[in-house]
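Hello,

Here is the structure I promised to pass on to you. My notes on what turned up in it follow below.

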Amino acid sequence: MLRIGLSGGIGAGKSTVSATFSGLGGIVVDGDVIAREVVEPGTEGLAKLVEAFGEQILQPDGALNRPALAAIAFSDDEKRATLNGIVHPLVGKRRAELIASADEDAVIVEDIPLLVESQMAPMFPLVIIVHADEELRVRRLIEHRNFTEEDARARIAAQATEEQRRAVADVWLDNSGSAEDLVGKAQTLWHNRIAPFAKNLEAGRPADASPEVVPSNPDWAAEAERILARLRTMCGHRAVRVDHVGPTAVPGLDAQDVIDVQVTVESLEIADQLAEAMLAAGYVSTTITDDAGIPDARSRVAEFDHTDDPALWRKRLHRSADPGRPTNVHVRVNGWPGQQFALLSVDWLTANPAVRQEDSWSADAYRRAWEWANATGWSAG
């Protein structure tokens, strides 16, 4: 099962994308629809809203008067927080019920208007944000949804900023054009990324990664931050720390377009317990492996107060099933040489730009890095 988080500001066009995905076979769990269901007459949700905001939010027939509620709840932050505190848990419970009833190979598209505000983005292997600038959204809300300009701007101001949305977006769908343009973008995204991602997960197969070295990309850091947040959420207390490591973690270093992440745990037994969480995050297990590929490493560990026991170079490796973001997740034990070197090498290369230009820097990298560490008093933090 692949779960996708879909969001965007009011009036951005999220519903068009949601409908497109549904037509392509996705199972859409719509937060707006659920939010209406949980406050229908006779529900616990409606009773709690009346208790919090008074009977003036009801229509004569006892149904919720949404404009009346919005006028009250969006008037200040405290009242909006009260509204969210009532509705969000009920929506979450119903969403979980719908997902639990889906087939194992389903693509679940969770349409969540307040995905960013509720800090739910790290719960999804893929987050898609639909965006249009504020003036265009205001015009759409006035023309198509009968908002006043004041109400439209108030609703937009109450939601996440563009900067906050960009920080969590794995995919940014611009909807400054026509509805047909947006449908075409959504279809391309489905066929080129979402469907292959789902098939890879079902098959337990990682996505292919190009071996080509490309120029350093300033976006790597932000992409890695989203991955780190996802893994911290999925691994929880079992992870001692989660770090961006490898060549893409070194500013200015040309590298393969593959994000390497290290999850540090206290034992290989705990590493094995994380396999299910990794799969939920979009990462499939590969064969149990070690760090023998570090050139000349084991023959030199004794020089730096490490053991040369081969068992201490073992790790668990998971790779992303998402063809749009090749990623390696190395799960290593805290304090073991491979775990330490992954952290050290990033700091060493960052502090020594000249080393990056040497074609053969890795031939004795372990020794040179530890010499630098000992000379500078480096620690893993």
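The protein chain exposes about 18,200 Å², and carbon and sulfur atoms supply 49% of that area. Please keep in mind that this is a predicted model. Of its 381 residues, 47% count as buried. Taken along the principal axes, the C-alpha atoms fill a box of roughly 80 × 40 × 40 Å. The chain has 15 helices and 13 strands. Among contacts with a separation of 6 or more, 72% come from residues 24 or more positions apart.

Next, the charges. There are 38 positive and 58 negative side chains in the protein chain, yet the centres of the two sets lie 1 Å apart. One place to look at on the outside is a negative surface patch formed by Asp103, Glu104, Asp105 and Glu202. You will find glutamate 104 in the loop between α5 (77-100) and β3 (107-111). Glutamate 104 counts as exposed because its relative accessibility is 65%, and the cut-off for that class is over 50%.

The salt bridges come to 19 in total, and a few of them deserve a visit. Arginine 3 and glutamate 110 meet through their side chains in a salt bridge, at 2.6 Å from N to O. Arginine 3 lies in strand β1 (residues 2-8) and glutamate 110 in strand β3, so this pair ties together parts that are 107 residues apart in sequence. The two partners are covered as follows: arginine 3 is partly exposed at 23% relative accessibility, whereas glutamate 110 is buried, with a relative accessible area of 0%.

Glutamate 110 also forms a salt bridge with arginine 95, where the closest N and O atoms are 3.2 Å apart. Here the link runs from strand β3, which holds glutamate 110, to helix α5, which holds arginine 95, and the two residues are 15 apart. Arginine 95 counts as buried because its relative accessibility is 7%, and buried means under 20%.

Which residue does aspartate 170 pair with in a salt bridge? The partner is arginine 230, and the closest N and O atoms of this pair are 2.7 Å apart. Aspartate 170 sits in the loop between α8 (162-168) and β5 (171-174), while arginine 230 belongs to helix α10 (residues 219-235); the pair links distant parts of the chain, 60 residues apart. At 4% relative accessibility, arginine 230 counts as buried. There is also a network, in which salt bridges that share partners join Glu134, Glu135, Glu149 and Arg153.

Finally, a word on the backbone. Most residues other than glycine have a negative phi. Glutamine 119 has a positive phi of about 60° although it is not a glycine. Its place is in the loop between β3 and β4 (126-131), and glutamine 119 counts as exposed at 68% relative accessibility. Asparagine 146 has a positive phi of about 60° too, and it is not a glycine either. Asparagine 146 is found in the loop between α6 (134-145) and α7 (149-157), and with a relative accessible area of 70% it is exposed.

If you open the model with these notes beside you, the salt bridges of glutamate 110 with arginine 3 and with arginine 95 could be your starting point.

Best wishes

Notes: Residues numbered from 1 in each chain as written. Heavy atoms only, no water. Patch = residues over 30% accessible without salt bridge, like charges linked within 9 Å, V, L, I, M, F, W, Y side chains within 5 Å. Areas by Shrake-Rupley, 256 points an atom, 1.4 Å probe, with all protein chains shown as cover. Salt bridge = Lys/Arg side-chain N within 4 Å of Asp/Glu carboxyl O. Lys, Arg positive; Asp, Glu negative; His and termini not counted. Charge placed at Lys NZ, Arg CZ, Asp CG, Glu CD. Helix = DSSP H or I, 4+ residues; strand = E, 2+ residues; numbered from the N terminus. Buried < 20%, exposed > 50% of the residue type's maximum accessible area, 1.4 Å probe, protein only. Contact = heavy atoms within 4.5 Å.
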